[in-house]
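Please lead me through this structure, as a reader who has not met it before. I would like an account of its strands, its nonpolar cores and its aromatic rings.

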Amino acid sequence: MTEQAVERVDAHPEKRFFVDMLTRDIELAPAIIDLVDNSIDGAKRLRPQDSDDRYKDLWVKLHLGAETFEILDSCGGFDREHAATYAFKFGRHPDQPATAGEVGQFGVGMKRAIFKIGRKFKVACMNDDDRWQVEVDVDEWLEDPQDWTFPLESANGEAPEVPGTLVRCSRVLPSASSRLSQPAFVSRVLSEISMRHALALQQGLAIEVNDRPLVPRPPALLASDSLEPISYSENLTDSTGAEVEMQLYAGLSSGEEGDEEIDTDDPALFTGADAAGWYVFCNGRALLFANRGRLTGWGEEVPRFHPQFRRFRGFVYLTGDSAAMPWNTAKTTVDEDSEIWAQTRRHLVDALRKSVTVMNRAKREVQQMPPEDRPLVSAIERSRPAALERLTERRAYKLPDPAPQVASDARRIAYSISADTFARASAALQTDRPSEIGQRTFGYWMRREVDPDFDD
């Protein structure tokens with residue numbers, strides 16, 4: 001029997017459709033942060049040894065404007081061969097060399113950000129005294145459906161003066177132009193970079209957005225001789241054998257003076273809402289920020305987030321193969337099907353349960369015990385913020401012993417008064433502690449109306 005010839009069909013992507021789909025599922029701010037990710041990956045290649053000042057003297061500068069977007073860094077750049085072979089491919093080539101702890105994984109971040117912002121772009125780089133550039137008019141490139149290449153040539157004077165990379169987008173799309181010129185959007189980008197690359201900032205990387213420097217805010221948890229938070233590390237492995245190191249910290253944050261006395265059941269008095277929750281970092285980039293939802297166990301394995309838990313802070317750092325990291329392609333949330341995330345979440349839930357128990361105990365002490373018999377509340381008030389790396393390794397809290405239980409027929413009395421009345425009583429009694437004001441005013445009434453010899 002004669003073998004029938006197999007006809008081949010054309011499955012090449014249509015350029016305009018490809019570009020449209022590539023950019024449709026990402027917002028402008030995360031697209032910009034993808035470019036910052038690339039700069040930081042360059043810094044990791046340049047400074048492979050981890051240390052407290054790993055990125056000292058390195059910088060990343062962003063300019064956001066209605067007509068031009070630009071990011072320039074001094075983070076080492078990459079050579080002409082890497083540009084010709086890997087950097088501009090749509091997707092990560094299986095042979096592409098990897099950098100330990102890198103953020104880039106899917107091979108779409110730079111191209112997607114460029115197409116999201118404008119219709120003309122230039123990427124220029126200096127590396128080992130070799131200066132090259134790729135400059136493209138996107139509209140012209142889209143006209144030829146068969147040509148998927150970009151021109152690579154020696155750079156002109158606009159290439160970086162130090163080893164690093166320049167990415168410039170012009171002929172900015174109207175949708176991007178209106179946002180890049182808004183001060184509120186610029187502030188959002190600044191805030192998100194501060195959040196998502198807090199670790200790089202702490203290690204000395206200088207980042208500016210429209211000449212506004214980002215300030216590192218190192219995370220810390222309360223600690224003292226009588227109160228220590230959870231702090232430990234563990235290696236996680238998925239079914240492919242990929243390993244990820246997990247470092248987990250969970251504890252309480254600093255609060256306002258007298259914070260434990262506040263009626264934590266009253267949402268109107270709820271402070272610290274924006275900062276409370278879980279922070280999850282993958283290879284130094286924040287994936288979750290102050291998460292207080294189902295994703296990290298709230299409302300399922302533990303109670304829903306509530307004002308009384310406003311002091312809680314949890315930090316998880318995952319380090320390893322970027323392919324094993326539990327992130328989506330935009331790196332804006334968790335891939336819940338990830339094996340590494342399933343393992344990580346079990347640790348989060350365990351630490352969260354222990355933390356909720358501690359916070360519930362503090363609440364009971366305030367509600368049921370006089371100020372002198374509140375060992376946990378006193379320990380919290382005496383504790384001071386401690387840098388995560390200085391915490392003692394432990395999988396459960398170190399806590400003061402509870403106050404001895406004394407049989408009593410005491411009854412608790414509670415009543416509400418207006419804020420103005422409270423302020424007047426507070427001034428007269430020279431204390432702002434609600435429990436003390438309540439005890440002293442009740443004692444005054446007992447002596448006046450019931451028993452002149454009453455002693456509270």
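The paragraphs below go through these topics in turn. The model is predicted.

A suitable place to begin is strand β1, which spans residues 59-64. Its side chains alternate between two faces: Val 60, Leu 62 and Leu 64 point to one face and are buried, whereas Trp 59, Lys 61 and His 63 point to the other and are not buried. Strand β1 has β2 (residues 69-73) as an antiparallel partner, with five bridges between the two. A hairpin of four residues joins β1 to β2, and within this pairing Leu 62 has Ile 71 as its bridge partner. Strand β1 also pairs with β7 (residues 206-209), here in the parallel sense and over four bridges. In that pairing, Val 60 stands opposite Ile 207. On the face of β1 that is not buried, Lys 61 lies over the face of the Trp 59 ring, 4.7 Å from the ring centre.

The buried side of β1 leads to the nonpolar interior. The largest nonpolar core has 55 residues, and those that touch the most other members are Ile 32, Leu 62, Leu 64, Phe 69, Phe 88, Phe 121 and Leu 180. Helix α2 (residues 28-46) supplies the largest share of this core, with nine residues. What does Ile 32 touch, beyond residues up to four places away in sequence? Its contacts are Leu 62, Leu 64, Phe 69, Ile 117, Leu 180, Phe 185 and Val 189. A second core, separate from this one, has 44 residues, including Leu 236, Cys 282, Leu 318 and Val 334.

Aromatic rings form a further theme. A pair of aromatic rings is described by the distance of the centres and the angle of the planes. Over the whole structure, a search finds 14 aromatic pairs. One of them joins Trp 278 and Phe 312, edge-to-face, with 5.3 Å from centre to centre and 70° between the planes. This pair links distant parts of the chain, since Trp 278 belongs to strand β12 (residues 277-282) and Phe 312 to strand β14 (residues 312-320), 34 residues apart. Trp 278 has a relative accessible area of 0% and is therefore buried; Phe 312, likewise at 0%, also counts as buried.

Strand β12 contributes to another pair through Tyr 279. The ring centres of Tyr 279 and Phe 289 are 4.9 Å apart and their planes lie at 85°, so this pair is edge-to-face. Because Tyr 279 lies in β12 and Phe 289 in strand β13 (residues 285-291), the pair ties together parts that are ten residues apart in sequence. Is each ring buried or partly exposed? Tyr 279 is buried, with a relative accessible area of 9%, whereas Phe 289 counts as partly exposed at 40%.

Elsewhere, ring pairs link Phe 115, Phe 121, Trp 141, Trp 148 and Phe 150 into a cluster. A charged side chain also meets a ring at Phe 305, where Arg 292 lies over the ring face at 5.2 Å from the centre.

Two cysteines and one helix complete the account. A disulfide is a covalent bond between the sulfur atoms of two cysteines. The search of the whole structure finds zero disulfides. Cys 75 counts as buried at 1% relative accessibility, and Cys 282 is buried at 0%. In helix α10 (residues 375-382), the buried residues are Pro 375, Leu 376, Val 377, Ala 379 and Ile 380. Among the elements that cover them are β9 (220-223), β11 (243-252) and α9 (339-368).

Key:
Residues are numbered from 1 along each chain as its sequence is written. This is a predicted model: local features need pLDDT of at least 70, side-chain atom pairs count only at pLDDT 80 or more; totals for chains, interfaces and linings use all residues. Side-chain values use heavy atoms; hydrogens and water are left out. Rings of Phe, Tyr and Trp (its six-membered ring) pair if their centres lie within 6.5 Å; planes under 30 degrees apart count as stacked, over 60 as edge-to-face and the rest as tilted. Buried means under 20% relative accessible area, exposed over 50%, partly exposed in between (1.4 Å probe, protein chains only). A charge sits over a ring if NZ of Lys or CZ of Arg is within 6 Å of the ring centre and within 35 degrees of the ring normal. A disulfide is a pair of cysteine sulfur atoms within 2.5 Å. Two strands pair if DSSP finds at least two bridges between them. Contact means heavy atoms within 4.5 Å. A nonpolar core is a set of buried Ala, Val, Leu, Ile, Met, Phe, Trp, Tyr and Cys residues joined through side-chain atoms within 4.5 Å.
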